[in-house]
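Colleague: Before we discuss the labels on this model, show me the structure. Then I will ask how each label was earned.

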Amino acid sequence: MSSLAETGAARFRALLPHPEPEVDLATAYAYPAVLDRPWLRANMIASADGGAWGRTGHSGDLSSAGDRRAMSVLRGLCDVVLAGAGTARIEGYRPVRAREVWGQLRAGRSATPPIAVVSRTLDLNPSLLSQAPEDARTIVLTTESAPQERRRHAARDADVVVAGEETVRPELIMSALAERGLLRVLTEGGPHLLAELTSAGLLDELCLTVSPHLAGPEPARIVAGDAPSHTQDMALAHVLESEGTLFLRYTRAREN
Ligand SMILES: NC(=O)c1ccc[n+]([C@@H]2O[C@H](COP(=O)([O-])OP(=O)(O)OC[C@H]3O[C@@H](n4cnc5c(N)ncnc54)[C@H](OP(=O)(O)O)[C@@H]3O)[C@@H](O)[C@H]2O)c1
């Protein structure tokens, strides 16, 4: 089945749970059909030796046509893209652009998912806030301690949510998104934000692209920073492959 007009793009085959010569990504990555609480999925990429970025300090150094296609489908499926301000700054985040390949994926929803960005400093690219469409305004999750003038400025264009005093509390991120009806949450990191989300026990699913590169010891792993150390068992839901890149999907193990 091909619910997307995925012509001319990188092809994916399934290795697990059952070998399949061709995979429809929207089906493989469908969120649970019924949700009564937010479902937090992370989409991250790592080099074969575990690095979260490559030579230039960008995760894009590790990317590929297949990774970009998977990322696009994951964005099409979600209700909101959640990112830390470090990622938004370094990766030059802008409001999400609508993709023809999404087809009917977003029927009944805004044409694009909003970006929700987490920041203390509110040092954000103005176009991330000002260029978002009215039905997918950027959501800024920040703290009481954030600079007041920047907060007022952000509130002109964006939906500003104060979700903590000195630090944004991960559980308040999820409740603020749920209050807006945004249950299918896709976080794209970065490593600091992902560590906080996992240490709060919020991660339901990890979509991990393993890129066929060695990045050396310098880059962080996909979790980094001062969040309390957290361990959690995950269950392997699928392994896909496209042109030497692996796409692993893990879900929270039942006993967690
Ligand atoms: N491999 C991958 O899949 C992947 C994915 C994303 C990013 N990256 C790479 O990771 C690097 C960026 O890493 P990073 O860990 O610094 O990114 P990050 O987690 O996106 O950003 C950290 C920033 O997010 C804000 N933040 C995070 N948690 C917060 C909280 N609880 N309360 C308030 N603000 C909070 C702060 O922003 P303020 O400083 O504005 O206060 C903090 O400095 C880049 O090189 C990027 O290319 C890799």
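**Labels and their cut-offs**

Modeller: Start with serine 199, which is partly exposed at a relative accessible area of 25%. This is a predicted model, where local features need pLDDT of at least 70, side-chain atom pairs count only at pLDDT 80 or more, and totals for chains, interfaces and linings use all residues. Residues are numbered from 1 along each chain as its sequence is written, and side-chain values use heavy atoms, with hydrogens and water left out.

Colleague: Why is serine 199 called partly exposed?

Modeller: Buried means under 20% relative accessible area and exposed means over 50%, with partly exposed in between (1.4 Å probe, protein chains only). Serine 199 has 25%, so the label is partly exposed. Serine 199 belongs to helix H7. Helices (H or I, at least four residues) and strands (E, at least two) are DSSP runs, numbered from the N terminus. The C-alpha atoms of serine 199 and histidine 230 are 5.0 Å apart, with the two positions 31 residues apart in sequence count.

Colleague: Is glycine 51 buried or exposed, and why?

Modeller: Glycine 51 has a relative accessible area of 1%, under the 20% limit, so it is buried. Glycine 51 is in the loop between E2 and helix H2 (65-77).

Colleague: What makes glutamate 166 count as exposed?

Modeller: Its relative accessibility is 58%, over the 50% limit, so glutamate 166 is exposed. Glutamate 166 lies in the loop between strand E6 (159-162) and helix H6 (170-179).

Colleague: How do you know that threonine 87 makes a polar contact with the ligand?

Modeller: A polar contact is a pair of N or O atoms within 3.5 Å; within protein, one must be able to donate a hydrogen and the other to accept it, and residues adjacent in sequence count only if both atoms are side-chain atoms. A polar side-chain atom of threonine 87 is 2.7 Å from a ligand oxygen atom, so the pair qualifies. A polar backbone atom of leucine 193 is 2.9 Å from an oxygen atom of the ligand. For alanine 85, a polar backbone atom is 3.2 Å from a ligand oxygen atom.

Colleague: Which elements give two or more residues to the shell around the ligand?

Modeller: They are strand E2 (39-47), helix H3 (85-90) and helix H7 (191-199). H3 gives the largest share, 5 residues.
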